[in-house]
Amino acid sequence: MAEPYWKTKTLEEMSSEEWEALCDGCGRCCLVKLEDEDSGEIAYTDVGCTLLDGNTCGCRNYPERQTLVPECVRLTPDVVRGLRWLPSTCAYRLVAKGADLPGWHPLKSGTPDSVHEAGISVRGRVSASEDGVSIEEILERIVRWPQAWPKGAKRR
């Protein structure tokens with residue numbers, strides 16, 4: 001049996017369909033993050049991007065996201081390798097480091113629901129949309145779970 005493409009291709013070699021399928025649909029990268037200017041430490045919040053659907057964990061307007069939200073980062077192989085704030089569970093980050101995908105990933109499980117069942121997604125955990133809260137409120141919504149792996153899962 002042939003090895004899956006994410007084990008045999010570099011990020012640069014992937015087709016656009018393969019690249020898009022690498023996203024597990026967790027929505028963690030669409031949470032508002034804060035960076036400490038002095039230490040560079042990244043803090044995640046439970047506040048979602050204005051386009052994040054907290055139920056589906058997808059973008060409400062993926063094709064136009066960068067026009068509607070200018071600070072939305074378009075992931076490319078170079079960008080993935082340089083971003084410090086991608087969640088530790090992110091498939092792009094894992095594959096860039098030569099790791100395999102976790103068992104909850106839809107490409108391994110065969111179902112998009114596995115990411116939700118494993119507790120990886122933001123489903124039910126987004127407290128607000130960024131356009132509905134002040135910066136002071138965002139500062140009060142710092143959480144640690146977006147960088148966590150599910151209990152019992154191997155860290156890659």
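From the N terminus on, the elements of the protein chain follow the order α-α-β-β-α-α-α-α-α-β-α-β. This amounts to eight helices and four strands. The model is a predicted one. Its two opening elements are helices, and its last element is a strand.

The overall dimensions come next. The C-alpha atoms fill a box of roughly 55 × 35 × 35 Å along the principal axes. The radius of gyration of the protein chain is 16 Å. A compact globule of 156 residues would have a value near 15 Å, so the chain agrees with that expectation. Buried residues account for 38% of the 156 residues. The protein chain exposes about 9100 Å². Carbon and sulfur atoms supply 49% of that area.

Contacts were also examined by sequence separation. Among contacts between residues at least 6 apart in sequence, 61% join residues at least 24 apart. Charge was treated in a similar way. The protein chain carries 20 positive and 25 negative charges. The mean positions of the two sets are 8 Å apart.

Strand β1 covers residues 31-35. L31 lies in this strand. With a relative accessible area of 2%, L31 falls under the 20% cut-off and is therefore buried. Beyond residues up to four places away in sequence, L31 touches Y44, T45, D46, V47 and G48. The contacts of L31 also include L52, V122, V126, W145 and P146. L31 and S134 are 103 residues apart in sequence. Their C-alpha atoms are 15 Å apart in space.

Strand β2 spans residues 42-48. A43 is found in β2. Its relative accessibility is 18%, so A43 counts as buried. Leaving out residues up to four places away in sequence, A43 touches V32, K33, L34 and I142. V32, K33 and L34 fall within the residue range of β1. A43 and V143 are separated by 100 residues in sequence. From C-alpha to C-alpha, A43 and V143 are 7.4 Å apart.

The loop between β2 (42-48) and α3 (65-68) contains C57. C57 has a positive phi of about 70 degrees, although this residue is not a glycine. The relative accessibility of C57 is 5%, and C57 therefore counts as buried. C57 is also one of the contacts of H116.

H116 sits in helix α7, which covers residues 114-117. H116 has a relative accessible area of 17% and is buried. Apart from neighbours within four places in sequence, H116 is in contact with G25, T56, C57, S121 and R123. The buried loop residue C57 is thus in contact with a buried helix residue, H116.

Cysteine pairing was then considered. The structure holds zero disulfides. C23 is in no disulfide, and the nearest cysteine sulfur, that of C29, is 6.2 Å away. A disulfide requires sulfur atoms within 2.5 Å, so this separation does not qualify. C23 counts as partly exposed at 40% relative accessibility. C59 is likewise in no disulfide. For C59, the nearest cysteine sulfur is that of C49, at 6.4 Å. The relative accessible area of C59 is 32%, so C59 is partly exposed. C57, in contrast, is buried at 5%.

Helix α4 covers residues 77-82. D78 is found in this helix. At 62% relative accessibility, D78 lies over the 50% cut-off and therefore counts as exposed. D78 and A96 are 18 residues apart in sequence. Their C-alpha atoms are 9.6 Å apart in space.

The selected sites thus differ in accessibility. L31 in β1 is buried at 2%, whereas D78 is exposed at 62%. A43 at 18% and H116 at 17% are both buried. C23 at 40% and C59 at 32% are partly exposed.

Methods
Residues numbered from 1 in each chain as written. Predicted model: local features only at pLDDT ≥ 70, side-chain atom pairs only at ≥ 80, totals over all residues. Heavy atoms only, no water. Rg over C-alpha atoms; globule rule 2.2 N^0.38 Å. Buried < 20%, exposed > 50% of the residue type's maximum accessible area, 1.4 Å probe, protein only. Contact = heavy atoms within 4.5 Å. Areas by Shrake-Rupley, 256 points an atom, 1.4 Å probe, with all protein chains shown as cover. Lys, Arg positive; Asp, Glu negative; His and termini not counted. Charge placed at Lys NZ, Arg CZ, Asp CG, Glu CD.
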